[in-house]
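Here are a few notes to read alongside the structure, for anyone opening it for the first time. Have the viewer at hand and take the points in order.

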Amino acid sequence: MSSKVSLIKGNDRRKNVYEALKLIEDCAKSRLRGKVLIKPNLLSITRQLAATHVDAVRGVLDFVFEHGNVKEVIVAEGAGPGNTFEGYKNFGYLSLKDEYPIELIDLHEERDWITIKFLTTDLREVDVGISKTAVEADCRISVAVPKTHDTAIVTLSLKNMIGCMRREDRGKVHGFDSQAPRVLEASVKVIHRNLITLAKYLAPHISVIDGFMGMEGSGPGEGDPVFLGVAVASTDWVAADAVMAKIMGFEPLEIGYIFYANEEGLGVGDLSKIRLVGNTKIEEVQKKFKPHPHYPVQVKWREFLC
């Protein structure tokens, strides 16, 4: 099994994203149908580096509206701390409604939540709610930012989908009740498993990672900028995340959720089985990101392999 991933380097963020999608058009066009949900990342509603740039979303919309099978397009997010529409306003998303026939949605206002089970650090099951709107979308497009993470090593196209979870349940991905303090040494044994569970309901049908600017160090919110000038796209979210992880200087199969997804056949995390297309190569754009200070503990997820 092999997967196709596009990698584009350029000096125009919107164009990079659009061209990356055009290179996988043969794979993507069959997925562009019905109700399309575009999921940006608004971890912060005030710090642009921690959030998906509106021009990356424009690049996606340019591509989406070339295809006639699309009936409805929504840009949907449930922001991290703060109000989603404040984030939309602060980052220039409100103008998208004047440019394209879309709706902007705050997933925190979801009325129908689907219940799934996550693992706690003591391996009990706990209920969490995920957006029915997102689950039932005909096509989910994750538009992520490459960032280091305080527990999962990196946050890319899959982890972006946590924004489709009920706000009060999001801490449970770490293995703790939302109000409980997080203990990193315990969280690393379950967070990657919980991300795989999330993927089985909310995996992106198309993954876009806008690597024009990434974040290193104390991500996903407080880290430092790294300029890459690239965009990655694929209909295999595992392969997309694997390629971007490698660009960031990490070995993909040493990241827990990519390892598990590859093992379970959810996608391809082995770079030797990924067909890369585009105007550059990984080694030509790779920059070794400074990992999160928690990295020595984060890599201990392997101790819990079973």
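The points below go through two helix pairings and then some single residues.

1. Before anything else, keep in mind that this is a predicted model. Everything below describes that model.

2. Start with helix H1, which runs over residues 13-22. Its buried residues are Arg13, Asn16, Val17, Ala20 and Leu21. They sit on the same side of H1, because the arc they cover around the axis is only 125°. What do these buried residues pack against? The partners are strand S1 (3-9), helix H2 (25-28), helix H3 (54-64), strand S10 (206-216) and strand S11 (224-234).

3. Have a look at the start of H1 too. There, aspartate 12 brings a side-chain oxygen to within 3.1 Å of the backbone nitrogen of arginine 14.

4. The pairing of H1 with H3 is worth turning around in the viewer. Their axes come within 7 Å and cross at roughly 35°, and the crossing is right-handed. On the H1 side the residues involved are Arg13, Arg14, Val17, Tyr18, Leu21 and Lys22, and from H3 they meet Asp55, Ala56, Arg58, Gly59, Val60, Asp62 and Phe63.

5. Leucine 21 deserves its own stop in H1. It counts as buried because its relative accessible area is 1%, and the cut-off for buried is under 20%. Setting aside neighbours within four places in sequence, leucine 21 is in contact with Gly59, Val60, Phe63, Ile206, Val208 and Ala233. Its C-alpha atom is also 7.5 Å from that of serine 6, and these two residues are 15 residues apart along the chain.

6. Now for the second helix pair, H8 (residues 191-202) and H10 (residues 256-263). How are they set against each other, at what angle and how far apart are their axes? The angle is about 50° and the axes are 8 Å apart, so H8 and H10 are oblique to each other. This crossing is right-handed. His192, Arg193, Leu195 and Ile196 of H8 meet Gly256, Tyr257, Tyr260 and Ala261 of H10.

7. Next, find serine 157, in the loop between strand S9 (154-155) and helix H7 (184-187). Is serine 157 buried or exposed? Its relative accessibility is 0%, so it counts as buried. Its side chain makes a polar contact with the side chain of aspartate 241, at 2.7 Å. Not counting residues up to four places away in sequence, serine 157 touches Ser142, Ala144, Pro204, Ser207, Ile209, Trp237 and Asp241.

8. Two residues that are not glycines have a positive phi. Leucine 123 has a phi of about 65° and is in the loop between strand S5 (113-119) and strand S6 (125-131). Isoleucine 153, with a phi of about 80°, is in the loop between strand S8 (147-148) and S9. As for accessibility, leucine 123 counts as exposed at 57%, whereas isoleucine 153 is buried, with a relative accessible area of 2%.

9. Check the backbone at glycine 219 and proline 220 as well: a cis peptide bond joins them, with omega about 10°. Proline 220 belongs to the loop between S10 and S11.

10. Finish with valine 299, in the segment after helix H12 (295-298). At 31% relative accessibility, valine 299 counts as partly exposed. The C-alpha atoms of valine 299 and leucine 94 are separated by 40 Å, and the two residues are 205 residues apart along the chain.

Technical notes:
Residues are numbered from 1 along each chain as its sequence is written. This is a predicted model: local features need pLDDT of at least 70, side-chain atom pairs count only at pLDDT 80 or more; totals for chains, interfaces and linings use all residues. Side-chain values use heavy atoms; hydrogens and water are left out. Buried means under 20% relative accessible area, exposed over 50%, partly exposed in between (1.4 Å probe, protein chains only). Helices (H or I, at least four residues) and strands (E, at least two) are DSSP runs, numbered from the N terminus. The arc is that of the directions from the helix axis to the C-beta atoms. Contact means heavy atoms within 4.5 Å. A polar contact is a pair of N or O atoms within 3.5 Å; within protein, one must be able to donate a hydrogen and the other to accept it, and residues adjacent in sequence count only if both atoms are side-chain atoms. Axes are lines fitted to C-alpha atoms, for helices over the stretch in contact, and angles run from 0 to 180 degrees between N-to-C directions. Angles under 35 degrees count as roughly parallel, over 145 as roughly antiparallel, 65 to 115 as roughly perpendicular and the rest as oblique. A crossing is left-handed if the near helix is turned anticlockwise from the far one by less than a right angle, and right-handed if clockwise.
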